[in-house]
Amino acid sequence: MTNMLGKQALERIRKIKPFIQASLTITKKRCGNPGCRCAQEGPLHEVALLTWKEEKRTRTLYVPIELRQEVEKWVQEGKLLKRLVTEVSQAQREFLISKKKLRRNNQG
Ligand SMILES: [Zn+2]
């Protein structure tokens, strides 16, 4: 039982792909190898880091370059899922409110 908005959101949730609740940040870093050109003039190395909160602490995880685009898709899907969960919750509240109004109208 839901309304139109809820149906649409549920429909999209059914098609959900792998997701992750985290953000992906690209930073530039020195690799630490004193023989590398990044130690002197650069350019620096691009590093992709996944960050998320766990028990109020920010955690990070290194993402290999070949997985960067794939992980970015998971992050986008995770954001979408969060939005859809909010939309369905909203739809269910609206559904209940509309039932309440209907009952009140019938009584009056
Ligand atoms: Zn380097």
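In this predicted model, N3 sits in the segment that comes before helix α1 (4–14). From there, the side chain of N3 reaches the backbone nitrogen of L5 at 3.2 Å. A polar atom of that side chain also lies 2.9 Å from the backbone nitrogen of G6. Beyond its neighbours within four places in sequence, N3 is in contact with A91, E94 and F95.

Next comes the zinc site. The protein donors of the zinc ion are three cysteine sulfurs, SG of C31, C36 and C38, together with NE2 of H45, at 1.9 to 2.3 Å from the ion. Along the chain, these donors follow the spacing C-x4-C-x1-C-x6-H. The arrangement around the zinc ion is tetrahedral because the four donor atoms subtend angles of 105 to 116°. For comparison, the ideal angle for four tetrahedral donors is 109.5 degrees. Among the zinc donors, C36 counts as buried because its relative accessibility is 17%, under the 20% cut-off. H45, with a relative accessible area of 32%, is partly exposed.

The remaining feature is the nonpolar core. The largest such core is made up of seven residues, namely A22, L24, A48, L50, V63, V71 and V75. Two elements, β2 (45–54) and α2 (68–107), each give two or more residues to this core. One of the core residues, L24, offers a helpful view of the surroundings: apart from neighbours within four places in sequence, L24 is in contact with A48, L49, L50, V63, R68, V71, E72 and V75.

How values were computed:
Residues are numbered from 1 along each chain as its sequence is written. This is a predicted model: local features need pLDDT of at least 70, side-chain atom pairs count only at pLDDT 80 or more; totals for chains, interfaces and linings use all residues. Side-chain values use heavy atoms; hydrogens and water are left out. A nonpolar core is a set of buried Ala, Val, Leu, Ile, Met, Phe, Trp, Tyr and Cys residues joined through side-chain atoms within 4.5 Å. Buried means under 20% relative accessible area, exposed over 50%, partly exposed in between (1.4 Å probe, protein chains only). Helices (H or I, at least four residues) and strands (E, at least two) are DSSP runs, numbered from the N terminus. Contact means heavy atoms within 4.5 Å. A polar contact is a pair of N or O atoms within 3.5 Å; within protein, one must be able to donate a hydrogen and the other to accept it, and residues adjacent in sequence count only if both atoms are side-chain atoms. Donors are N, O and S atoms within 2.8 Å of the metal (3.2 Å for Na, K and Ca); water is not among the atoms, so sites may look incomplete. Four donors count as tetrahedral if all angles lie between 85 and 135 degrees; four count as square planar and six as octahedral if opposite donors are over 155 degrees apart and all others between 65 and 115; anything else is irregular.
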